[in-house]
Amino acid sequence: MLSATSISSAIEQGTMDWDGQLRGNGLLLSLGAPLQPLIDRGRQVIDLADQSSIDSLYGEPVTEWETYELAPGGVLLGAVAEPLRLGGALMGMIGGLSHLARVGLAVHVTSPFVMPGWNGHLTLELLNTGPAALRLHHGMPVARLVVFALEGVQDDETTPHTFYGRAADLKSRYADEFTVGPSRR
């Protein structure tokens with residue numbers, strides 16, 4: 001894991017771009033825009049092999065906001081306010097802030113890894129597991145990213161993924177990326 005000094009050096013040397021705040025030995029991730037709510041449509045079944053079925057989960061993106069109330073059991077995708085670029089020899093790992101977990105807010109409910117070559121705005125999956133609605137504020141710190149150096153021979157830049165880092169569209173593109181047919185189910 002890189003220390004704050006090593007992270008600052010990576011930024012100065014251009015192997016990493018980050019304009020946000022450092023806290024301890026990590027990057028402090030804050031909520032930005034857009035927010036992408038998931039909508040409860042009753043007992044609807046989402047076919048993960050059908051992109052239009054996946055797309056039906058989402059409401060309208062919220063691009064201008066100061067506060068947002070996340071209901072108990074609610075799920076919200078949120079863009080990190082600050083863009084991040086990691087060179088080909090760096091990777092990151094996202095962790096939620098324990099203060100928020102203690103009120104029921106899970107901040108990143110999937111793989112915590114940010115792969116080498118990432119360039120763009122990270123998307124966080126926020127889940128309210130608590131008994132009360134939680135009021136979120138634009139710009140509030142919600143997670144931390146720790147940075148690691150990779151061992152072994154690495155290209156300075158890796159091939160960026162088609163769907164990564166697109167600030168305007170936070171939705172899942174699972175069916176567009178993975179072909180799931182009857183023989184693969």
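The following exchange concerns Arg85 and strand E3 in a predicted model.

Visitor: Is Arg85 buried or exposed?
Guide: Arg85 belongs to strand E6, which covers residues 84-86. Its relative accessible area is 14%. Because buried means under 20% relative accessible area, Arg85 counts as buried.

Visitor: Which residue has a side chain that joins the side chain of Arg85 in a polar contact?
Guide: A polar atom of the Arg85 side chain lies 2.4 Å from the backbone oxygen of Gly14, but that partner atom belongs to the backbone. The contact between two side chains has a length of 2.8 Å. Its partner to Arg85 is Asp17.

Visitor: How many of the residues of strand E3 are buried?
Guide: Strand E3 spans residues 26-37, 12 residues in total. The strand is described as mostly covered. The number of buried residues is 11.

Visitor: Which residue in the turn between E2 and E3 has a positive phi?
Guide: Strand E2 (residues 21-23) runs antiparallel to E3, and three bridges join them. Within this pairing, Gln21 stands opposite Leu28. The two strands form a hairpin with two residues between them, and the turn residue with a positive phi, about 60°, is Gly24.

Visitor: What is the bridge partner of Pro37 in E5?
Guide: E3 pairs antiparallel with strand E13 (residues 141-149) over four bridges, and there Ser30 stands opposite Pro141. E3 also pairs antiparallel with strand E5 (residues 75-80), over four bridges. In E5, the partner of Pro37 is Leu76.

Note on methods. Residues are numbered from 1 along each chain as its sequence is written. This is a predicted model: local features need pLDDT of at least 70, side-chain atom pairs count only at pLDDT 80 or more; totals for chains, interfaces and linings use all residues. Side-chain values use heavy atoms; hydrogens and water are left out. Buried means under 20% relative accessible area, exposed over 50%, partly exposed in between (1.4 Å probe, protein chains only). A polar contact is a pair of N or O atoms within 3.5 Å; within protein, one must be able to donate a hydrogen and the other to accept it, and residues adjacent in sequence count only if both atoms are side-chain atoms. Two strands pair if DSSP finds at least two bridges between them.
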